[in-house]
Amino acid sequence: MRLLVCGGAGFIGSTFVRQRVREHGDEVTVLDKLTYAGREENLSELAGDERLRFLKGAIEDPRAVAEAIELGAPEAIVNFAAETHVDRSIAAPDAFVRTHALGTYVLLEAARERALRYVQVSTDEVYGSIEVGTFTEDSPLAPSSPYSATKAAADLLAQSYFHTYGLPVTIIRGSNNYGPYQYPEKLIPLMVLNAMHGDPLPVYGDGMQVRNWIHASDFSRAIGHVLEHGEPGEVYNAGGPDEEANITVVRRIIELTGASESQMEHVADRPGHDRRYSLSSEKVRALGWEPRCRFEEGLADTVAWYRDNPSWWQPIRSGEYREYYARQYGQALGQAP
Ligand code: NAD
Ligand code: TYD
């Protein structure tokens with residue numbers, strides 16, 4: 001297939017692009033704004049591969065979108081482009097509104113003009129928190145943060161293009177992803193790098209919040225299944241096989257890195273913090289997908305990847321991230337281990 005992958009220089013987008021080019025022989029054009037979280041280096045494993053083209057640009061810029069479509073003549077658009085960190089959305093929601101609402105609108109218009117298939121990559125966070133039970137695709141949307149509320153806005157706009165214009169739109173909602181190339185603001189890479197550096201491990205509140213973890217390679221395969229076999233107009237959930245409390249994840253990272261339990265610190269809770277996410281994936285399983293990676297094994301591999309790839313995270317940990325970290329956590333990160 002020929003694909004336009006928006007946000008393909010981020011964590012999951014780059015995983016998906018590597019998978020599609022290597023395992024399916026797809027021709028991929030990546031359109032990415034290269035925000036603090038987007039890095040061309042995330043695609044360096046495909047350097048020199050003629051099946052990959054890269055264009056720097058924002059999805060809310062119709063000229064950049066038109067240029068990317070001209071460059072790659074795609075049959076489908078897969079949209080990963082997003083601001084993705086809940087804490088940043090609480091501190092400054094404006095970019096979230098622009099990228100998720102306006103950006104998704106510009107992409108949908110471009111798809112409509114050219115009758116392209118469209119896959120919107122979304123999140124279980126649009127359903128809000130669930131203390132008991134599991135969300136299905138029919139659960140009501142009840143987002144809690146500016147991140148999840150603007151992601152829900154994008155989903156609803158995408159669905160309206162199916163209902164109103166018959167655009168073949170499919171939405172996939174993933175649970176919490178982990179794996180190589182994840183920006184260290186997120187729980188797992190933050191804790192792994194802090195553990196390795198002897199920095200504090202900041203657990204929000206009591207640490208008993210539960211997340212449903214999916215390896216990014218499994219989520220990427222689910223997106224591929226939905227792209228190839230999903231029904232237009234439908235929503236598919238893709239959750240991982242394991243649910244864990246945050247504090248259990250942090251303790252496991254302490255064991256895997258040989259860090260000290262005394263590094264763990266309970267800090268002020270996140271405002272509006274969702275207590276638990278849990279996702280039923282029966283519908284996407286019926287398309288022939290199932291997760292391959294259990295959390296225990298995937299976490300060990302992820303810790304090993306960060307240990308073995310300092311050239312990936314060193315420039316991040318010495319740049320904008322340090323300023324973000326000091327603002328968010330009220331203390332500076334340590335230096336080299
Ligand atoms: P990420 O922050 O690592 O990557 C986002 C990418 O989008 C970056 O490369 C960034 O430069 C690009 N981008 C941001 N704004 C843009 C814009 N206006 N125009 C073009 N590019 C832009 O995020 P991720 O974790 O890889 O998430 C990818 C998608 O998957 C998002 O839509 C997110 O909501 C969704 N998702 C993420 C998770 C998770 O746990 N990380 C779970 C479920 C769904
Ligand atoms: P995060 O990786 O930000 O993903 P999301 O908020 O989208 O689920 O956070 C995962 C969980 O970890 C969430 O319950 C918040 C918690 N958390 C901490 O306890 N400390 C931290 O420093 C971070 C970044 C997250």
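Which helices do the buried residues of H11 pack against? Let me come back to that in a minute, once we have our bearings. Hello everyone, and please keep in mind that what we are looking at is a predicted model.

Let's start with the overall layout. The protein chain is divided into two parts: domain 1, made of 2-178 + 215-238, and domain 2, made of 187-211 + 241-279 + 294-329. If you take the C-alpha centres of domain 1 and domain 2, they lie 25 Å apart. Where the domains meet, 28 residues of domain 1 are in contact with 23 residues of domain 2.

Now, back to my opening question. Helix H11 covers residues 310-317, and Trp312, Trp313, Ile316 and Arg317 are buried in this helix. Those four span an arc of only 110° around the axis, so they sit on the same side of H11. Here is a handy reminder: an α-helix has 3.6 residues a turn, so residues three or four places apart point the same way. And the packing partners of the buried residues of H11 are helix H6 (187-197), helix H10 (295-308) and H12.

Hold on to H12, please, as we turn to the pockets. The largest pocket holds about 220 Å³ of space. Its lining consists of Tyr36, Glu83, Arg88, Ala91, Ala92, Ala95, Phe96, Glu320, Tyr324, Arg327 and Gln328. Three elements give two or more residues to this lining: helix H3 (86-91), helix H4 (94-114) and helix H12 (320-329). H12 provides the largest share, with four residues. In terms of chemistry, six of the lining residues are nonpolar, one is polar and four are charged. Domain 1 and domain 2 each contribute at least three residues to the lining of the largest pocket.

What about the second largest pocket? The volume here is about 180 Å³. It has 13 lining residues, and those nearest its centre are Asp87, Tyr204, Ala268, Asp269 and Gln328. At least two lining residues come from each of H3, strand S8 (201-204) and H12. This time H3 gives the most, with three residues. The lining of the second largest pocket has eight nonpolar, two polar and three charged residues. And where is this pocket relative to the domains? Both domain 1 and domain 2 give residues to its lining, so the second largest pocket lies between them.

To finish, I'd like to show you two residues in loops. One is Ala9, in the loop between strand S1 (2-6) and helix H1 (11-24). Is Ala9 buried or exposed? Ala9 has a relative accessible area of 0%, so it is buried. Leaving aside neighbours within four places in sequence, Ala9 is in contact with a list of residues including Val30, Asp32, Leu34, Asn42 and Phe54. You can also look for Ala81: it is 72 residues from Ala9 in sequence, and the C-alpha to C-alpha separation is 9.0 Å.

The other is Ser175, found in the loop between strand S6 (169-174) and strand S7 (176-178). With a relative accessible area of 4%, Ser175 is buried, given that the cut-off for that word is under 20%. Setting aside neighbours within four places in sequence, the contacts of Ser175 include Asp124, Trp213, Gly239 and Leu279.

That's my tour, and thank you for listening!

Methods:
Residues numbered from 1 in each chain as written. Chains lettered and ligands numbered in written order. Predicted model: local features only at pLDDT ≥ 70, side-chain atom pairs only at ≥ 80, totals over all residues. Heavy atoms only, no water. 1 Å grid on protein atoms, 1.4 Å probe; cavity = no way out; pocket = protein on both sides within 12 Å on 5 of 7 lines; lining within 4 Å. Points joined across faces, edges and corners; volume = space filled by probe spheres on them. Nonpolar A, V, L, I, M, F, W, Y, C, P; charged D, E, K, R; others polar. Domains from an automatic or database assignment. Buried < 20%, exposed > 50% of the residue type's maximum accessible area, 1.4 Å probe, protein only. Arc of directions from axis to C-beta. Contact = heavy atoms within 4.5 Å.
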